[in-house]
Amino acid sequence: MHMPYDDQLKYKQKTVNSLLSEFCKVNRIIGMDNPYHYRNKVQAAFGWDNRKKKCISGVYQSNSHRLVPVDNCLIEDEKADEIIVCIRGLADSFKLRPYDEDRRTGFIRHVLVKRGFTTNEIMVVIVSATPVFPSRNNFVKALLKEHPEITTIVHNINPFDTNLVLGKQNKVLYGKGYIEDELCGCTFRISPSSFYQINPVQTEVLYSTAIDYAELTGSESFFDSYCGTGTIGIIAAKKAGRVLGVELNRDAVRDAISNAKRNNTHNIYFQSGDAGEFLTALAKEGEHFDVVMMDPPRAGSSKEFLKSVCTMKPKRIVYVSCNPVTLARDLKYLTSHGYKAEAIQPVDMFPFTKHVETVVKLSGEK
């Protein structure tokens, strides 16, 4: 955050150029007009300040378990920050002590706030170590009195010693238990554990670029690997003949099916499983897809998956990457197996961080 925004964009452009320009010309990075307060998902850990005898909330210092108090942040949604500070004050008022991992005492562990960018719906998730929520009804009333704009409140129970913020059990205390948001003309349901891109403005840019690179005309078969909750696939289904999404996480697949129904999308299907194994099996059966969309995690794609893509020989591959280092590695494989990079577009999804997203269009040999 020491670097002016224009300098950040230059730094990221230089990074992507140095790693990817051997494959084709890299387009100019697409930055934000307003690179502040873009995070629509904010989470805070809760702890106890022994010296001041009060509850604190914030983030853990890198590589430590030291909690650094935070009231607001220049990249976080301002309303979410306000709500977390309010809950911290209410926790003191209601004598809800933060959970102490060493003594295994206390109640509140984390607070997670998600806000719909277009709908303005707000979900608050209060994560505790125990299922018993003292003065629950009065606490909810007090929170809604301070922030009537909240549309749902969920109590999540996480009793385990783990780095994961959320446990598996949710109790809806107010509202529907989820919020909805709109992206590229489609509506998506966001639950406490749903993955949803945290910068909706740049997500529209990223996904629109990816769909443009797919060059869909209405008849293509489209394979959405690592499909998550189905976001890209559902948007692509408007322009494709049929779409198949594959995702290892079963909860994400359930969300994807729900999202497809919510958007009346009838030409998309979802399957739970390893995308590489699934694509290999389809290739052996003689199944073919015109376009393969890849959006792997930071570690990039596996060689097995890349091999199965090349075996199937789709006309186009669209690779969405959050790590230009592993992207360069995977592009080396694809370009040495019959594919050519035709366009590379960096997108600044996370201003004031070192991360950069990149979309690549690859075409098979004619």
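Let's start at Asp348, which you'll find in the loop between strand 15 (339–347) and strand 16 (357–364). Keep in mind that this is a predicted model. Is Asp348 buried or exposed? Asp348 has a relative accessibility of 0%, and since anything under 20% is called buried, Asp348 counts as buried.

So what does Asp348 touch, leaving aside its neighbours within four places in sequence? The contacts include Tyr5, Leu9 and Lys12, then the run of Ile29, Ile30, Gly31 and Met32, and also Gln202 and His355. Pick out Lys12 from that list, as its side chain is joined to the side chain of Asp348 by a polar contact of 2.6 Å.

Now for the aromatics. How many aromatic pairs does a search of the whole structure find? It turns up seven. Take Phe94 and Phe139: their ring centres are 5.4 Å apart and their planes meet at 65°, and because an angle over 60 degrees is the cut-off, this pair counts as edge-to-face. The two partners come from distant parts of the chain, 45 residues apart. Phe94 is in the loop between helix 2 (78–93) and strand 4 (108–115), while Phe139 belongs to helix 3 (residues 136–146).

The two rings also differ in how much of them shows: Phe94 is partly exposed, at 25% relative accessibility, whereas Phe139 is buried, with a relative accessible area of 1%. Phe139 pairs with Phe133 too, this time in a tilted arrangement, with 5.5 Å from centre to centre and 55° between the planes. Phe133 is buried, just like Phe139. Add Phe107, and you have the whole aromatic cluster: Phe94, Phe107, Phe133 and Phe139.

Rings meet charges here as well. Look at Trp48, where the charged end of Arg97 sits over the ring, 3.6 Å from its centre. Tyr178 has a charge over its ring too: the charged end of Arg189 lies 3.9 Å from the ring centre.

Finally, follow the chain into a piece of sheet. Strand 11 (residues 242–247) pairs with strand 12 (residues 268–272) in the parallel sense, over five bridges. For a landmark, find Leu244, which stands opposite Tyr269 in strand 12. How does the chain get from strand 11 to strand 12? It passes through helix 6 (residues 250–262), making a β-α-β crossover that is right-handed.

Terms used: Residues are numbered from 1 along each chain as its sequence is written. This is a predicted model: local features need pLDDT of at least 70, side-chain atom pairs count only at pLDDT 80 or more; totals for chains, interfaces and linings use all residues. Side-chain values use heavy atoms; hydrogens and water are left out. Rings of Phe, Tyr and Trp (its six-membered ring) pair if their centres lie within 6.5 Å; planes under 30 degrees apart count as stacked, over 60 as edge-to-face and the rest as tilted. Helices (H or I, at least four residues) and strands (E, at least two) are DSSP runs, numbered from the N terminus. Buried means under 20% relative accessible area, exposed over 50%, partly exposed in between (1.4 Å probe, protein chains only). A charge sits over a ring if NZ of Lys or CZ of Arg is within 6 Å of the ring centre and within 35 degrees of the ring normal. A polar contact is a pair of N or O atoms within 3.5 Å; within protein, one must be able to donate a hydrogen and the other to accept it, and residues adjacent in sequence count only if both atoms are side-chain atoms. Contact means heavy atoms within 4.5 Å. Two strands pair if DSSP finds at least two bridges between them. A crossover is right-handed if, with the strands pointing away from the viewer, the path from the first strand over the helix to the second runs clockwise.
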